[in-house]
Every structure is written in structure tokens, then in C-alpha cells.
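Colleague: I'd love a friendly tour of this model. Let's start with the vocabulary and then work through some residues.

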Amino acid sequence: MASLTLVPPNTMFVHKHKHNNKSTINSPNISIQRTLPCFSSSTNNNSSLRTLSALSSSVGGVESSSVVSQDTTNSLQRVEVFDLNGNSVLISDLWKDRKAVVAFARHFGCVLCRKRADYLAAKKDVMDASGVALVIIGPGSVDQAKTFAQQTGFKGEAYADPAYSSYKALNFVSGVTTTFTPGAGLKIIQLYMEGYRQDWGLSFEKDTRERGGWQQGGIIVAGPGISNISYLHKDKEAGDDPDIEDILKACCS
């Protein structure tokens, strides 16, 4: 039976006791002791090493993909988005070899999404210092994404998801009741007072009007590694931005 013992923060290591076949895995937060079978063959040895690897990952945060299901991860690996030059990119490639903060806009004309782009870009220097990329994705065309990037001067990377595939894979909410809420209304008034404006031309383009007008987005922190999604925020309503410090803690601490 495993026993959990709190220990002071330290570097993770695995120590095998010589006489009783016990191994201790120390992580920054906990220590786990588990009696392991003797390594009587190379097959058993490899199996036991895999067990140790899995334990160290789960308790040490080396691989942190538990915030999404395996089905979601598999779905994302089939999603294609498009850069501003119209090139197709697998969305998981955006964080395969690096860590990235990926924001999902409601649509490219949305005034609330323009604020989201600014509040994330205001911390881009912190992300840059940690080697973290900043990405925004919107449901719409490449031309809409280009217009958004030009209008906002967004400092990160912008991609279009014309098929809404990433939104479906992450199961982001959509609907009139998530768009027209008292909280969203107050935020829009505040943003207009700050000088932000909705692009009604982009908002009423056919595809956005018929498919994406009620779509909500979210924010993830992912990578490196295509299955490593360590933070997920799903907007409950329009303008539901999480605390920026929570994002920075997930990406840059």
C-alpha cells in the first residue's frame, strides 16, 4: 500500500533501498513509498521503470495533461488552423515543441475579444522571458484574421479556424443565453468608454452571423508536447476573461 508523506520542496529523485526492494519517489510536493517487485528479468525491469516514470510524471508535474480528456487530445491532433498567409497548420503543432498561451476569440469582430488580445499582449514580455508563445485563434476566415491583426496590432500569432474545429474539440459553449448576459453587457459598456469598438463589418459577415455569432471561446496553456495541456479556461459567457495572474502562473512560473 502506498503511503503519502509531505516533504519540503526538493528535486525529484528515485531511490531504491538495497535490502527491502522499496523505492521512494520524492517530488516538490509529496513523497510516495511503494513496494516494488524484484527485477528478475529485463521485461520486468522495463515494466517497473515505466511504472516509476508514470508515477513521477503524475506527482511531479513533468507531464500535465490531466486537465483535458484523452478524447479531447486526440480530437485536437486532427484540427487544422490557418496562418495569416493561408497555410494550414495542425493546431497541436503550435505547442508541440514549445509552451504557448492560446486564446480563442468569440469571433474576429468582437469588442470583448479585442480587449482579450490586449490584456494578454500586455504580459507578452513576461511570456517572452519564459520562452512562451502567445497565440490567438478565431472562428472565421484568414481574411478576417488578417483584418483583426491589423486593427488590433496584436503582438502574438493569429490563426483562423474556419471550420470551428478547435472550438468543437474543446467543447466551448455557444448560444444566445451565453452571449446576452448582464455581465457581458456591462463589460461592453465599459470597453466602449475605454475606446474599444466592435467591428460590425466583420461581425455581420455571413459565416460569423450564421455560425459564430453566439460562439464563446477560452484560453489554454499547452506544451511542450502535443498532449500536454496544463491549463484550460472555458468562457461561461461573453467576456469571461480569467485572472491574468492565473494564466501567468500556469505558463511562466
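Modeller: Buried means under 20% relative accessible area, exposed means over 50%, and partly exposed is in between, using a 1.4 Å probe and protein chains only. This is a predicted model, in which local features need pLDDT of at least 70, side-chain atom pairs count only at pLDDT 80 or more, and totals for chains, interfaces and linings use all residues. Residues are numbered from 1 along each chain as its sequence is written, and side-chain values use heavy atoms, with hydrogens and water left out.

Colleague: Is Asn 171 buried or exposed?

Modeller: Helices (H or I, at least four residues) and strands (E, at least two) are DSSP runs, numbered from the N terminus. Asn 171 sits in the loop between α6 and α7 (176–179). With a relative accessibility of 55%, Asn 171 counts as exposed.

Colleague: What is the phi of Asn 171, roughly?

Modeller: Most residues other than glycine have a negative phi. Asn 171 is not a glycine, yet its phi is positive, at about 60°.

Colleague: Thanks! Tyr 164 also has a positive phi. What is its relative accessible area?

Modeller: Tyr 164 is found in the loop between β9 (157–160) and α6 (165–169), and its phi is near 60°. Tyr 164 is buried, since its relative accessible area is 4%.

Colleague: Which residue does a cis peptide bond join to Gly 223?

Modeller: Most peptide bonds are trans. Here omega is about -10°. The partner lies in the loop between β10 and β11, and the cis bond joins Gly 223 to Pro 224.

Colleague: Now for α11. Which of its residues are buried?

Modeller: An α-helix has 3.6 residues a turn, so residues three or four places apart point the same way. Seen down the axis of α11, the buried residues fall within an arc of 95° (taken over directions from the helix axis to the C-beta atoms), so they line one face. In this helix (residues 244–252), the buried ones are Ile 244, Ile 247, Leu 248, Cys 251 and Cys 252.

Colleague: What do those buried residues pack against?

Modeller: Contact means heavy atoms within 4.5 Å. The buried residues of α11 pack against both helices and strands: α3 (111–121), α4 (124–129), β7 (99–104), β8 (132–138), β10 (218–222) and β11 (229–234).

Colleague: Which residues of α11 does Val 126 touch?

Modeller: Val 126 belongs to α4 and is partly exposed, at 33% relative accessible area. Val 126 and Cys 251 are 125 residues apart in sequence, but 9.6 Å apart in space, C-alpha to C-alpha. Leaving out residues up to four places away in sequence, Val 126 touches Leu 248 and Cys 252.

Colleague: At the start of α11, which residue has its backbone nitrogen reached by a side-chain oxygen of Asp 243?

Modeller: That oxygen comes to within 2.8 Å of its partner. The backbone nitrogen there belongs to Glu 245.

Colleague: With cysteines around, how many disulfides are there?

Modeller: A disulfide is a pair of cysteine sulfur atoms within 2.5 Å. Cys 113 is buried at 4% relative accessibility, and Cys 251 is buried at 5% relative accessible area. The sulfur of Cys 113 is 3.2 Å from the closest cysteine sulfur, that of Cys 110, so the two are too far apart for a bond. By this rule, the number of disulfides is zero.

Methods: A polar contact is a pair of N or O atoms within 3.5 Å; within protein, one must be able to donate a hydrogen and the other to accept it, and residues adjacent in sequence count only if both atoms are side-chain atoms.
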